[in-house]
Amino acid sequence: MQTRKRRNRKRSKRRAICCPRHGCYIDSVSQKHRLYADKAEHLQERGMRRRVSLQVMAHYTTVPLDNEWLEAFWCEVCQQNEWYWVVKSPEGDFTLNRIPEDLWQQAQGVILATGNPTVSEFTRRQSRRMNYYGVKDFVMVS
Ligand SMILES: [Zn+2]
């Protein structure tokens, strides 16, 4: 007979993501679209030293950004879906930002409002991506 302890089914795992405009909880309505750096500047913006970033980009065509992605959410108050650039902090907090134009280009497989997928060119480069093992640790330095 198994004793089933810990019926802690209520997972407090739900991500506390709030509408930046209304502060209410919002529900995800899309998958996460991962972001990739494909320029040294992208890495520099995230705290990597210039020289290191140039070295990294010389070796890798794209570098995945682990704690950032694009995701759409439904807000009750706004009554609409909104895309945000989500950044997860080391503490596990989420920050929602407006998405700068060029960030769409760094996302994988996002469909724009126009119905067009973002840059197939990116996908092409993506396929040439090398093994990035180890690079992640670099990227996390902030
Ligand atoms: Zn809202």
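Visitor: Two residues are in contact if their C-beta atoms, placed from the backbone, lie within 7 Å. Among contacts between residues at least 6 apart in sequence, what percentage join residues at least 24 apart?
Guide: The model is predicted. Take the contacts between residues at least 6 apart in sequence. The share that joins residues at least 24 apart is 61%.

Visitor: In what order do the elements run from the N terminus?
Guide: The protein has four helices and five strands. Read from the N terminus on, the order is β-β-α-α-β-β-β-α-α.

Visitor: What percentage of the residues count as buried?
Guide: A residue is buried if 20 or more other C-beta atoms lie within 10 Å of its own. The protein has 142 residues, and the buried share is 17%.

Visitor: Which element gives the most to the largest nonpolar core?
Guide: The largest nonpolar core has 15 residues, and L35, Y36, A37 and L70 have the most contacts inside it. Two or more residues each come from β2 (33-37), β3 (63-75) and β4. With five residues, the element that gives the most to this core is β3.

Visitor: Is V86 buried or exposed?
Guide: V86 sits in strand β4. Beyond four places in sequence, V86 touches E68, W69, E71, F94 and L96. The cut-off for burial is 20 or more other C-beta atoms within 10 Å. V86 has 22 such neighbours, so it counts as buried.

Visitor: How far apart are the C-alpha atoms of V86 and I17?
Guide: Along the chain, V86 and I17 are 69 residues apart. In space, their C-alpha atoms are separated by 9.4 Å.

Visitor: N81 is in strand β4 too. Which residues does N81 touch, not counting those up to four places away in sequence?
Guide: Strand β4 covers residues 80-88. N81 has 13 other C-beta atoms within 10 Å, so it is partly exposed. Leaving out residues up to four places away, N81 touches V29, A72, F73 and W74.

Visitor: What is the C-alpha to C-alpha distance between N81 and V29?
Guide: In sequence, N81 and V29 are 52 residues apart. They are also in contact. Their C-alpha to C-alpha distance is 7.6 Å.

Visitor: Which residue has a positive phi although it is not a glycine?
Guide: Look in the loop between β3 and β4. The residue has a phi of about 55°. It has 7 C-beta neighbours inside 10 Å, so it counts as exposed. It is Q79.

Definitions and conventions
Residues are numbered from 1 along each chain as its sequence is written. This is a predicted model: local features need pLDDT of at least 70, side-chain atom pairs count only at pLDDT 80 or more; totals for chains, interfaces and linings use all residues. A residue is buried if 20 or more other C-beta atoms lie within 10 Å of its own, exposed if 12 or fewer, and partly exposed in between; C-beta atoms are placed from the backbone. A nonpolar core is a set of buried Ala, Val, Leu, Ile, Met, Phe, Trp, Tyr and Cys residues joined through C-beta atoms within 7 Å.
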